[in-house]
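Visitor: Please show me the model. I would like to go through its helices and cores one question at a time.

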Amino acid sequence: MAEGMEIAIRAVLIGIGGTVILDLWAALMQRVFNVPATNWAMVGRWVGHMPRGRFMHENIGRAAPVSGEHAIGWIVHYVIGIVYGLLLVGLLGVTWLREPTLLPPMILALGLLVAPYFIMMPSMGSGIAGAKTPKPNVTRLKSVVGHSVFGLGMYVTALMIEADLSAPLAG
């Protein structure tokens, strides 16, 4: 039981670490290159409408605001990162945790572009893969780069966790 908990905690930390690195990247891009960061309040608004039975929006920006939407969006953002960390470790197991390599988190992060391209963007009124945004190719590229940074962030976090935790992994 304790070994499973240790693995789960590391997986959660990997997901959080990847998300933090993604957020630092987004902040850097916004400050240095004036690239707009994701508006997590709109994600919160989208999720906030779900308990009311509304899953699809023509334009999420014109949907009624939801109390706490900014916090909801940020929480959802980190929960998704944690789920991706758990998925990565669940698929790769203790062997990968002992000796993390870059390719698996990159493949996973890029493969998971299906979520924003085919679920989030269309549901929020941006079309499949951002087709209805003012600059669809820029929207797509930002998603590819963001997911790549997230995958790299999970890898870097896994390396840091393995280096910092002296206790051997269960297994």
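Guide: A definition comes before the rest: helices are DSSP runs of H or I with at least four residues, numbered from the N terminus. The model is predicted.

Visitor: In which helix is Ser143 found?

Guide: The helices are numbered from the N terminus. Under that numbering, Ser143 is found in helix 6.

Visitor: Is Ser143 buried or exposed?

Guide: Buried means under 20% relative accessible area. Not counting residues up to four places away in sequence, Ser143 touches Leu113, Tyr117 and Met121. Its relative accessibility is 13%, so Ser143 counts as buried.

Visitor: Which helix gives the most to the largest nonpolar core?

Guide: That core has 18 residues, and those with the most contacts inside it are Ile14, Leu88, Val89, Trp96, Leu97, Phe150 and Met154. At least two residues each come from helix 1 (2–33), helix 3 (69–98), helix 4 (103–111) and helix 6 (136–164). With 6 residues, the helix that gives the most is helix 3.

Visitor: How many residues has the other core, the one with Val43 and Trp46 among them?

Guide: This core lies apart from the largest one. Ile60 and Met124 are also among its residues. Its size is 10 residues.

Visitor: Which residues is Val89 in contact with, leaving aside its neighbours within four places in sequence?

Guide: Val89 is one of the residues with the most contacts inside the largest nonpolar core. Leaving aside those sequence neighbours, its contacts are Ile7, Ala11, Ile14, Trp96 and Leu97.

Visitor: Is helix 3 roughly parallel or roughly antiparallel to helix 4?

Guide: The two helices pack at an angle of about 155 degrees, with their axes 11 Å apart. Angles over 145 degrees count as roughly antiparallel. Therefore helix 3 stands to helix 4 as roughly antiparallel.

Visitor: How many residues of the contact of helix 3 with helix 4 are nonpolar?

Guide: Helix 3 brings Tyr84, Leu87, Leu88, Leu91, Leu92 and Trp96 to the contact, and helix 4 brings Pro104, Pro105 and Leu108. None of the residues is polar and none is charged. The nonpolar count is 9.

Visitor: Where does Ala8 stand, buried or partly exposed?

Guide: Ala8 is found in helix 1. The partly exposed class runs between the 20% and 50% limits. At 28% relative accessibility, Ala8 therefore counts as partly exposed.

Visitor: What is the C-alpha to C-alpha distance of Ala8 and Asp23 in space?

Guide: In sequence, Ala8 and Asp23 are 15 residues apart. In space, C-alpha to C-alpha, they are apart by 23 Å.

Methods:
Residues numbered from 1 in each chain as written. Predicted model: local features only at pLDDT ≥ 70, side-chain atom pairs only at ≥ 80, totals over all residues. Heavy atoms only, no water. Core = buried A, V, L, I, M, F, W, Y, C linked by side-chain atoms within 4.5 Å. Buried < 20%, exposed > 50% of the residue type's maximum accessible area, 1.4 Å probe, protein only. Contact = heavy atoms within 4.5 Å. Axes fitted to C-alpha atoms, helices over the stretch in contact; angles between N-to-C directions. Parallel < 35°, antiparallel > 145°, perpendicular 65-115°, else oblique. Nonpolar A, V, L, I, M, F, W, Y, C, P; charged D, E, K, R; others polar.
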